[in-house]
Amino acid sequence: MNIPPAIFCIGRNYATHAAEMNAPVPDRPTVFMKNPASIISATDTITIPPICEEGGPQVDFEGELAVIIGSTCRDVSPEDARSCIGGWAAANDVSARWWQKEGSGGQWIRGKSFDGFCPISEPVRADAIGNPQELTLRTLVNGECMQSATTADMIFPVYTLIAELSRGTTLLKGTVILTGTPEGVGAARTPPVWLKPGDLVQVEIEGVGMLANPVA
């Protein structure tokens with residue numbers, strides 16, 4: 001996939017994920033961004049950079065449905081949002097938790113933006129998906145299922161997100177929107193499950209695509 005002009009991300013868009021992270025369920029979308037240069041393909045290696053040695057083991061997985069904006073848009077209504085979509089993809093919002101929460105003044109973008117921290121599948125056409133709120137998402141690490149959910153559980157549906165993000169803001173063609181991750185991330189487990197060299201991370205979304213990224 002080409003480097004997009006922007007990557008908008010939604011945090012805590014599944015109530016169960018908010019709960020496992022001991023965070024309140026938001027009443028408005030929680031928005032952050034990732035560096036567009038963090039994009040890698042569906043089979044590229046996720047390389048844990050030396051900077052992530054600071055703060056101890058911390059690199060986590062977050063399987064997500066991605067939306068690719070197909071035409072530049074602004075101030076879109078939820079009813080018209082579908083016409084702005086160019087495609088759908090499976091994505092992994094790889095996250096360095098110490099850098100996300102402690103290493104960057106409380107701003108998430110640093111811990112989300114290291115090179116290789118946004119694996120994404122080749123998009124399928126917009127019309128390949130009927131209802132984006134009826135998709136099954138699974139994340140596996142070394143063959144073990146860590147996340148299994150349906151997009152019906154999103155707090156803010158896809159079309160609502162596009163409408164909200166486009167309020168007063170131009171979304172350029174090619175912009176990627178990561179729509180949030182369900183429960184099951186490594187940071188919330190006891191003990192935590194951090195990605196390490198030799199792991200294989202897979203994200204599968206029915207009808208959309210699959211990732212299979214080794215970790216080094």
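A residue is taken as buried when its relative accessible area is under 20%, as exposed when that area is over 50%, and as partly exposed in between. This cut-off is applied below to a predicted model, in which two asparagines with unusual backbone angles are considered before the interior and the pocket.

Most residues other than glycine have a negative phi, and most peptide bonds are trans. Against this background, N142, although not a glycine, has a positive phi of about 55 degrees, and this residue is found in the loop between β10 (136-141) and β11 (144-150). Because its relative accessible area is 46%, N142 is classed as partly exposed. A positive phi, near 55 degrees, is also found at N22, again a residue other than glycine, which lies in the loop between α1 (15-20) and β2 (30-34). With a relative accessible area of 74%, N22 is therefore classed as exposed. A further departure concerns the peptide bond from T190 to P191, which is cis, with omega near -5 degrees; P191 lies in the loop between β12 (176-178) and β13.

Turning to the interior, the largest nonpolar core comprises 31 residues, of which L65, W88, V158 and I177 touch the most other members. Two or more residues of this core are given by each of β1 (7-11), β5 (63-69), β6 (85-92), α4 (158-165) and β13 (200-205), and the largest share, 4 residues, comes from α4. When residues up to four places away in sequence are not counted, V158 touches L65, V67, I85, W88, P132, Q133 and T179, a list that includes L65 and W88, both named above among the residues touching the most other core members. Apart from this core lies another, of 15 residues, which includes I46, V59, W99 and M146.

The largest pocket holds about 220 Å³ of space. Its lining is made up of 17 residues, and R12, M21, R97, Q100 and W108 are the closest of these to the centre of the pocket. Two elements, β1 and α2 (97-101), give two or more residues to the lining, with α2 giving the most, 3 residues. By residue class, the lining of this pocket divides into 7 charged, 6 polar and 4 nonpolar residues. Strand β1 thus appears in both descriptions, as an element that gives two or more residues to the largest nonpolar core and as one that gives two or more residues to the lining of the largest pocket.

Note on methods:
Residues are numbered from 1 along each chain as its sequence is written. This is a predicted model: local features need pLDDT of at least 70, side-chain atom pairs count only at pLDDT 80 or more; totals for chains, interfaces and linings use all residues. Side-chain values use heavy atoms; hydrogens and water are left out. A nonpolar core is a set of buried Ala, Val, Leu, Ile, Met, Phe, Trp, Tyr and Cys residues joined through side-chain atoms within 4.5 Å. Buried means under 20% relative accessible area, exposed over 50%, partly exposed in between (1.4 Å probe, protein chains only). Contact means heavy atoms within 4.5 Å. On a 1 Å grid over the protein atoms alone, a cavity is a set of points where a 1.4 Å probe fits but cannot get out, and a pocket is an open set with protein on both sides within 12 Å along at least five of seven lines; lining residues have an atom within 4 Å of a point. Grid points are joined across faces, edges and corners, and a volume is the space filled by probe spheres set on the points. Ala, Val, Leu, Ile, Met, Phe, Trp, Tyr, Cys and Pro count as nonpolar, Asp, Glu, Lys and Arg as charged, and the others, Gly among them, as polar.
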